[in-house]
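Grab your viewer and a notepad: here are a few short exercises to work through. Try each task yourself before reading the solution.

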Amino acid sequence: MKNFLISGLVDEKYRIKVNLLAISPDHAIKVFQQKYPNAKDIYLIQQLSK
């Protein structure tokens, strides 16, 4: 598993950045969406480890 930094806009007010362990960038975004279901504008900032 790899560590990804994911950012998303929650409640159209707050930009949240979270480090997540995931298999792929797509999986990391899906985990973020499950954690914050009302988040929008979600994207991967960087892959922290290779």
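The exercises below use a predicted model, and each one comes with a worked solution.

**Exercise 1. Fold and overall size**

Task: Work out which pattern of helices and strands the chain follows along the sequence, and how its radius of gyration compares with the globule rule.

Solution:
- Start by counting elements: there is one helix, plus three strands.
- Now walk along the sequence, and you get β-β-α-β.
- Next, take the radius of gyration, which is 10 Å. The globule rule gives 10 Å for 50 residues, so the chain is as compact as a globular protein of that length.
- For the outline, put the C-alpha atoms in a box along the principal axes: roughly 30 × 15 × 10 Å.
- Finally, look at the contacts between residues at least 6 apart in sequence: 46% of these join residues at least 24 apart.

**Exercise 2. Surface and charge**

Task: Find what share of the residues is buried, and how far apart the centres of the positive and negative sets lie.

Solution:
- Buried residues account for 24% of the 50 in the chain.
- The accessible surface is about 3,600 Å², and carbon and sulfur atoms own 50% of that.
- For charge, tally 8 positive and 4 negative side chains; the centres of these two sets are 8 Å apart.

**Exercise 3. The aromatic pair**

Task: Search the whole structure for aromatic pairs, then decide whether the rings of F32 and Y36 are stacked, edge-to-face or tilted.

Solution:
- The search turns up one aromatic pair.
- Its ring centres, from F32 and Y36, sit 5.0 Å apart, with the planes at 45 degrees. Stacked needs under 30 degrees and edge-to-face needs over 60, so this pair is tilted.
- Then check the cover on each partner. F32 has 0% relative accessibility and counts as buried, while Y36, at 22%, is partly exposed. The cut-off for buried is under 20%.

**Exercise 4. Placing Y36 and Q33**

Task: Say where Y36 and Q33 are found, and which residues Y36 contacts beyond its sequence neighbours.

Solution:
- Y36 falls in the loop between α1 and β3 (39–47).
- Skip the neighbours within four places in sequence, and Y36 touches V10, I16 and V18.
- D11 is 25 residues from Y36 along the chain, with 9.5 Å between their C-alpha atoms.
- Q33 belongs to helix α1 (residues 25–35), and is partly exposed at 40% relative accessibility.
- Between the C-alpha atoms of Q33 and K2, which are 31 residues apart along the chain, the separation is 18 Å.

Note on methods. Residues are numbered from 1 along each chain as its sequence is written. This is a predicted model: local features need pLDDT of at least 70, side-chain atom pairs count only at pLDDT 80 or more; totals for chains, interfaces and linings use all residues. Side-chain values use heavy atoms; hydrogens and water are left out. Rings of Phe, Tyr and Trp (its six-membered ring) pair if their centres lie within 6.5 Å; planes under 30 degrees apart count as stacked, over 60 as edge-to-face and the rest as tilted. Buried means under 20% relative accessible area, exposed over 50%, partly exposed in between (1.4 Å probe, protein chains only). Helices (H or I, at least four residues) and strands (E, at least two) are DSSP runs, numbered from the N terminus. The radius of gyration is taken over C-alpha atoms; the globule rule is 2.2 Å times the number of residues to the power 0.38. Contact means heavy atoms within 4.5 Å. Accessible areas come from the Shrake-Rupley method with a 1.4 Å probe; for residues, only the protein chains shown count as cover. Lys and Arg count as positive and Asp and Glu as negative; His and the chain ends are not counted. The place of a charge is taken as NZ of Lys, CZ of Arg, CG of Asp or CD of Glu.
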